[in-house]
Each structure stands twice: as structure tokens, then as C-alpha cells.
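Load the model in your viewer and keep the sequence panel open beside it. The stops below say what to select and what is to be found there.

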Amino acid sequence: MNKQVLLCTQNLTKQYPGVLALNGVNFDLAPGEVHVLFGENGAGKSTLISMLAGANHPTDGSIEFNGETVQFSNVADAQDIGIYTVFQEFSLIPTLTVAENIFLGWEPMIGPFVDHRKMRKRSTEMLHELGFDIEPTEIVAHLSRAQQQMIEITKAFHGDLSVLILDEPTASLTDKEVDHLFDFIKELKSRGVGIIYISHRIQEFARIADRITILRDGVKIGTVSMNEADDSTLIKMMTGREISEIYPTIKHNPGNETLRVEGLRTAGIFDASFSVRAGEVLGVAGLVGSGKSRLFRSVMGLTTRVSGSVHLNCKDISHASTADIIRSGLYYLSPDRKAEGLDLAKSSNDNLAVNLVMGEKNTNNSQFINWKAIAQRTQEISDHVEIAQQNRNKIVSQLSGGNQQKVLFGRCFGQDVDVFIFDEPTVGVDIGTRAALYRLIKELADAGKAVIVISSDLPEAMNLAHRLLVLAHGHITADLSGDEINEQQVLKYFFDESGEKI
Amino acid sequence: MTPESKQISPFGLLRKLFIKVGVLPFFLFIALVVFTLLSPRFLTGQNLVNVARQSVYLVLVSMGQMLVLISGGFDLSVGTSIALTSVVSALGMVFFAGMFPDMIWLAIALGALLGFGTALLVGMVNGVGVAYFEVSPFIMTLGVSSVGAGLALFLTGGVPVSGLPFAFGDTFGFGRVWNVPVPVIIAIISIIVMWVFMSRTRLGTQIYAVGGNIKAAHLSAINTKRTLMISYMICAFIASLTGLLLTARVESGEANLGSSIALESIAACVIAGVSLRGGIGRVENVVLGGFFIVLVQNGMNLAQVSSYMQMVLLGLLLILAVIFDQFRYRMIMSGE
């Protein structure tokens, strides 16, 4: 390893209200190196890169670029010196064309006017050079997520690029597209560009990584070079414990069939049929864009169904409204707690109370609320999901991701539910909270509820589930159980259809 | 507020007060000081009772406006509901009084019912547009307010409807029970009902939940469309009640009643700490907010500020209140 340092951070720290997101991290990147950031959701990877990208400001510590301390007041500052970041959340304008997006803020001009012809021509060249097969005149909203990702990467190639930061770039790409991306990363390496690469997929590291830095709960655990790292050490460094300590063993006592979906069709879902039994945990895995979330949102009546039937405890709820579906005993926990899970400006108690007020059993169906009874139940639920006493009257936006997720879990105990659908139940949650949430899932299954866990985190889906549905491109490609649930098998079905259908 | 508050520094206390109730106590204090200095007649018992009586109409409309603001929208058509109620109920009363000259109270009741019905229709149109067609509340209620104002003028030809039964104005405009003006009694009853509704009923809680996060509310088994619809209809109903009281006060049906009340009621709510983002607001504060606006108008009258200048100041006050609301929201979200 040469001692040349392109970019480094000294004691970089970021304090959010109530959360220390990043705590004194020293990180360095050499030219021509691929440096992987590895860690759980909420470990601080995104916080670290957001500061390197100029999107966020450190509370303490400094960033050095080519040996000089730099301060970014915004993303454009970082881009000016050649640090370009491809975020997970795309920065594309959906209503503009591909070419307009690529040249947003850099439009070639003829006098005071935008030179559209030159823009299209340059875009075509750039896309071609990167091997992406996309028309520059296409409207971005019409593209697939993978294609949008490609545009996002293409945008990075203005001016002189010296550091490229990629945040989970392969999350929505097919195998072939991933190969393409990796070739292209190698090409950049040979040009001396330093690459910071965030990914959950250990199997990718051997192909591209030079060094790996592991973060956990905002602290740097260590940096290892690729040739001395193996999977189990990495996982142990990431989680701080053995896998067996995180996931509880859930006994499989399948009861009666509670939820039955037949021939469900909706936008992006083709003919999905499956069923769940009481006391069973059904895992649902698939890539981003495979339709795993969409399938269940359509079951909940959140998107319109084209055809197919949904039965809950033998009751037909194919055409019921979301409110009626929830009242019949099907609960959906949203993957996005901020956008559709919680009322951020209210306290934890207030959030829990809404579901209690709506749950019939606590109000005797009267239009008037017995606040005393509600307060009592709120307390019981808070104890059950382990919300700390001092957090119960705090505004939810001030709580950490893990505590917010506990409140979100608490909400589903307010209503009478037979089938729980947990969509990405541990996204952005620290490892301690994850273990607590898994225990709740175990308790529910033990109590004879059916639990569906939709997860992009494959170990999570595999370790919790008695049965595992795999989705690819809107089709259910596998319904695995028992020993069939192993990584090779599951990954095979992830990509199974990617080349063939659609 | 709590005994264990860490610092008792005066600044810390003011900050806490600001976070808890918003900008209203500060505005109220400043207004009292300024107008007392400007006019010796301002801070007298007689004048304050007068302000309380005058503020009945704005307080009522503000409570309806608050409901819609909490649900996450706003209603620019409250003035139109007032005007339409006034015109329709006046026309109705005159018509039925001609039909049943012996049963004057029946005529009044039928006319009032017609007025309420018209306003509920306005509220329903707003609700359907906002909830089911997802038109932005701004455009929807702005459009409806033009439609309604046009209809009110069309129905009357721009001429006030006169010849209302005397009993109507004598009772609801100038009547007193136990020496308390009837409009004040009606307002007090409405405030109590509203308070119970917002804090003790499931529907009230649902309105808060929908305004706080409509998607989360949807995923908690709340029928969000119905909730929005009901908010707009209750708002229109309260505006309609106000319209009847004003009609009784002026003793004629007029199409230009309530022309400035949309702005005033929104200002009253925002000053009283109702969040424009929805989900936050309290009945008792809004009552005080309505009172405050009328107090300022009264103070400006006594200080001989011209009515044109009053419009300028009221607009500025609204913008200032919204700016403070932004600060407060940021402070709430980021912790003490």
C-alpha cells in the first residue's frame, strides 16, 4: 500500500439531537483504491459520506483533501474539487430528460441559450463510454430504477473526478449490470481515482475491494485489507456479536391458514399466490424493485389491484378499503417510518394513542374517548416494546432511529391483529434494538399470530423465517422452507429470471 | 411548566412559553402595552367587554378554520359560506314569512335551515375536491369562494335582502339572556362543544392524526377521506352559524358579509399556535387568537389608524406570525 493519501478525515464527529451519529472517525483513501465502508444500517456510513460529499457538516473533526483541510458548505463545493457522490436517494429530476439531468447545472451554452444539440451529443457519448444503453432524450420518470442509477453515475463524470463515492450502487442492478459497473470501477482505479464504496454484499468485496473499514454505532471498529478479511470476521466486526445471539429461534407450530392470496395482479406484480398460517413467520426476499413491497401494499389496498383475491380468516377482503382491511386484522408496518409511519411532531405516547383510539376493543365503540384507559394501555405497550420512560413524552422526531422504530412497532399493538406484515422492520436501526424487535416478532409468532417479514437484509429474512418467498421482477420465483433456505439457493432465485422474462 | 425545569432563567421560561403556546402571549402583551399608551380609552372594562362582544364572530369562524388547518388544509371560502348563508336564509325567511305570516318562528327556522344546508353544500364541495380529487386546498377553496360569492350576488342582484322578521334580529342580533348577549352565549356553547369534540372524541383525534401524517393515519385504519370531508363540512357549518348571527345583527341578507374573514381567521389561528403543516392546534388558544385580532382592530380604531392602514398591518401581522411559527416548529422538532 503506498503512503499517498488522497482524502482523509481526522476525528470526524457528527452529533444529531439525541444521537451521536458518528464518533471520532479517522478514515483515509489512497488514489486508485477501492475502499469499502461496511456496517449495519445506522452504523454511520451514510453520515460519514454525507459529510465527505458536502451534504452535511461535521460537529467536530476535519476533512483533508490532498493534505489540505477543506470545508464544504454544500455539495457543489465538494464537486468543485472533484469529489462526487452517488447517493442512494437519487438526485434526478423525474420530469426532465436524461440529457438534461446529466447536464443539470452544467448546461453547455450558446451565448445566453442552452445548447440542447450539444447536450444530447455529449450525453450519448458519455453513456456510450460507460456502456449504458439509454436514450438521452428519454424522460427520467419512464426509466427503471437500475437505469436511473446509471444516469446518476453518469452525472459524476463532469470535470476531473478524483474521488467517487458510491452508496449501495448495486442494490437495484442485475448481475450483468453489476459486471459492467465493476469493469468500469476498475477502469477508474487505473486512472487514479479513489473510490469509496458502500455495500452490504460481502460477496462483492472480493471482486473489487482493496481495503474495508467497518463502522458500528458511529464508531470505527477497524480497517482491514481485503486479503486478510473473511466473511465471518467481517460480520462479527459489523455486529459485535455472533449471529446466533441476534436472531432468536422461533418454534414452528403452524396453525390454521389465516391469509390466502390468489392470482394477485397489480402494476409490476404478475399472478402472485401464497398463504400464511397462524404461528408462522413468512420471510419475503428480493432485490429492490422486485415487487416484494408492492405485493403487500396491494394486499393492503394501498395500490389498486387488477385482479386476484385476498382472504383473511376465510373472509374475502379483495375489495375492502385499507381501513376495513386493518380492522379485519391485517396490519402493515411501513418501511418508511418518517413518511408514512409516525407523526413526527407528536410524542411517542400520542402516536401510540392514535391506534388505540382506532382499535375497537379499547373504546367500546363509543364516539367518546376514555383517555384514562388509553393512557393505561399506552403505558403497557411502551413497557412491552421497551420504550424508555424518558422517551415517552418526547417528540418523536427527537428520538433515534431505533427508538422511533420501537414506537412504530408499538403502534401495531394498539389494534386487534391476526396477521402482521413488517416491511423492512429494522431499517436504520442499531443492533441492540434489532435484537429487541426480533424478540417481539418471536413473541407474536409464539402467541399464534402470523408474521410476514419483508426484508432487503437477506440474513434477517433467512434467519427469522420458517418459510421464505423470493420475488424477482414481480414474480414469486420460490417458496422455500426448512433447509432450502440458504444463501446460494435464495440468491439463485434473486437473479433467476433477470435475463429471461420482461 | 414542570417542577423539575432545570434553569429558571427568565429567557429560558419565555422560550418554554413560546414552544408551548406560540407567539400569542407575546403579541398580546405588546398589543396591550402599545394601545394603552396610544389611547387612554383602550384599557377600560367597558372597552374590553365591547371587544369580547365584537370578537364573537371571528372566534367562531376561527374555530372552524382551526379544524381545517389541523387536518392539514385551509379554507379560504369561509367568507363565502357566511355570505351565502346570509343571502339564502334571508331570502328564505322573507319567503316563508309571507307564506306563514302567523308562524314567524317557523319561517325563521326554515330560513336558517336553508342557510345551513347551503353552507354544508359548500363544505361538501370543498371536502370532495380536497379529499377525493386531491385538489390542493388552496385552489379548491379559492375556486369555491369565487363560485359562492358569485352566486350570492346573482341571487340578490347585489342588493341587500331586507324585510326580515323583527323577531330574528331582536333575538339573535341584539337579544340578551340573563343580561348576556345571545351571540356571546351561542359562542360560549360552541367553544365548549368544540373543545369536547377535539379532545374527547374519536373523530377529533382522527383529525389531528390525519393532519399530523396522513399516510400514517391511513395505515392506522383511519378513513382519511371521510375525516377530511367532515373537517371541511364542520368548518362551513360554523361559518354558516356565524353568517346567521351577522345577518341578525345587520337585519338584512348581504352578499358582502365576511369578505375579509378568511384572512382574519387564518391569522387568528396561526397566531394562536395552529400549525400550517397540520396536526397541531388547541381550541382554547384559538379563541384567544380571535379575541386578539379584534383587540388589535379595536386598538387601531381608538388610535385612529385609517382602515386602509389597518389592512396593511393585519397582513404584516399574519406574515410575522407564520415566520414565528416556522421558528417554533424547528424548535419543537429539534428538541429543547
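Select strand 19 (residues 419–423) and strand 20 (residues 450–454) of chain A: the two run parallel and are joined by five bridges. Strands here are DSSP runs of E with at least two residues, helices are runs of H or I with at least four, and both are numbered from the N terminus. Two strands count as paired if DSSP finds at least two bridges between them. Pick Phe422(A), whose bridge partner in strand 20 of chain A is Val453(A).

The model is predicted: local features need pLDDT of at least 70 and side-chain atom pairs count only at pLDDT 80 or more, while totals for chains, interfaces and linings use all residues. Residues are numbered from 1 along each chain as its sequence is written, and chains are lettered from A and ligands numbered from 1 in the order in which they are written.

Stay with this pair of strands and add helix 16 (residues 431–446) of chain A, which packs on the sheet and touches strand 15, strand 19 and strand 20 of chain A. Its direction makes about 145° with that of strand 20 of chain A. Angles run from 0 to 180 degrees between N-to-C directions, and axes are lines fitted to C-alpha atoms, for helices over the stretch in contact. Contact between two residues requires C-beta atoms, placed from the backbone, within 7 Å. Next select helix 10 (residues 292–299) of chain A, which lies across strand 15 (281–286), strand 18, strand 19, strand 20 and strand 21 (467–472) of chain A. Helix 10 of chain A runs at about 140° to strand 20 of chain A.

Now show the whole sheet. It is open, has six strands in the order 18-19-20-15-21-22 (chain A), and its pairing is mixed. Strand 18 (330–333) and strand 22 (475–481) of chain A are the edges; each has a single partner strand, so one side of each lacks a neighbour in the sheet. From one strand to the next the twist averages 15°.

At the strand 22 edge, select strand 21 and strand 22 of chain A, which pair antiparallel over six bridges. Ala472(A) has His475(A) as its bridge partner in strand 22 of chain A. What lies between the two strands of this hairpin? There are two residues between them, and His473(A) in the turn has a positive phi of about 50°.

Before leaving chain A, go to Glu187(A) in helix 6 (residues 175–190) of chain A. Is Glu187(A) buried or exposed? It has 12 C-beta neighbours inside 10 Å, so it counts as exposed. The classes are buried at 20 or more other C-beta atoms within 10 Å of a residue's own, exposed at 12 or fewer, and partly exposed in between, with C-beta atoms placed from the backbone. Draw a distance from Glu187(A) to Gly32(A): they are 155 residues apart in sequence but 9.6 Å apart, C-alpha to C-alpha.

Then colour the contact between the chains, which takes 29 residues from chain A and 22 residues from chain B. On the side of chain A that touches chain B, helix 11 (322–327), helix 12 (337–341) and helix 13 (348–358) of chain A each supply at least two residues.

In chain B, begin with helix 4 (residues 56–70) and helix 12, whose axes are 8 Å apart at an angle of about 170°. That makes helix 4 of chain B roughly antiparallel to helix 12 of chain B. The cut-offs are under 35 degrees for roughly parallel, over 145 for roughly antiparallel, 65 to 115 for roughly perpendicular, and oblique for the rest. Residues of this contact include Leu60(B) and Gly64(B) of helix 4 and Cys235(B) and Ile238(B) of helix 12 of chain B.

Move to helix 10 (residues 202–212) of chain B, whose axis comes within 10 Å of that of helix 12 (residues 224–250) of chain B and crosses it at roughly 105°. This pair is roughly perpendicular.

Finish with two loop residues. Ala221(B), in the loop between helix 11 (214–218) and helix 12 of chain B, has a positive phi of about 70° although it is not a glycine. Ala221(B) has 24 C-beta neighbours inside 10 Å and so counts as buried. Glu134(B), in the loop between helix 6 (104–132) and helix 7 (137–156) of chain B, is not a glycine either and has a positive phi of about 55°. With 10 C-beta neighbours inside 10 Å, Glu134(B) counts as exposed.
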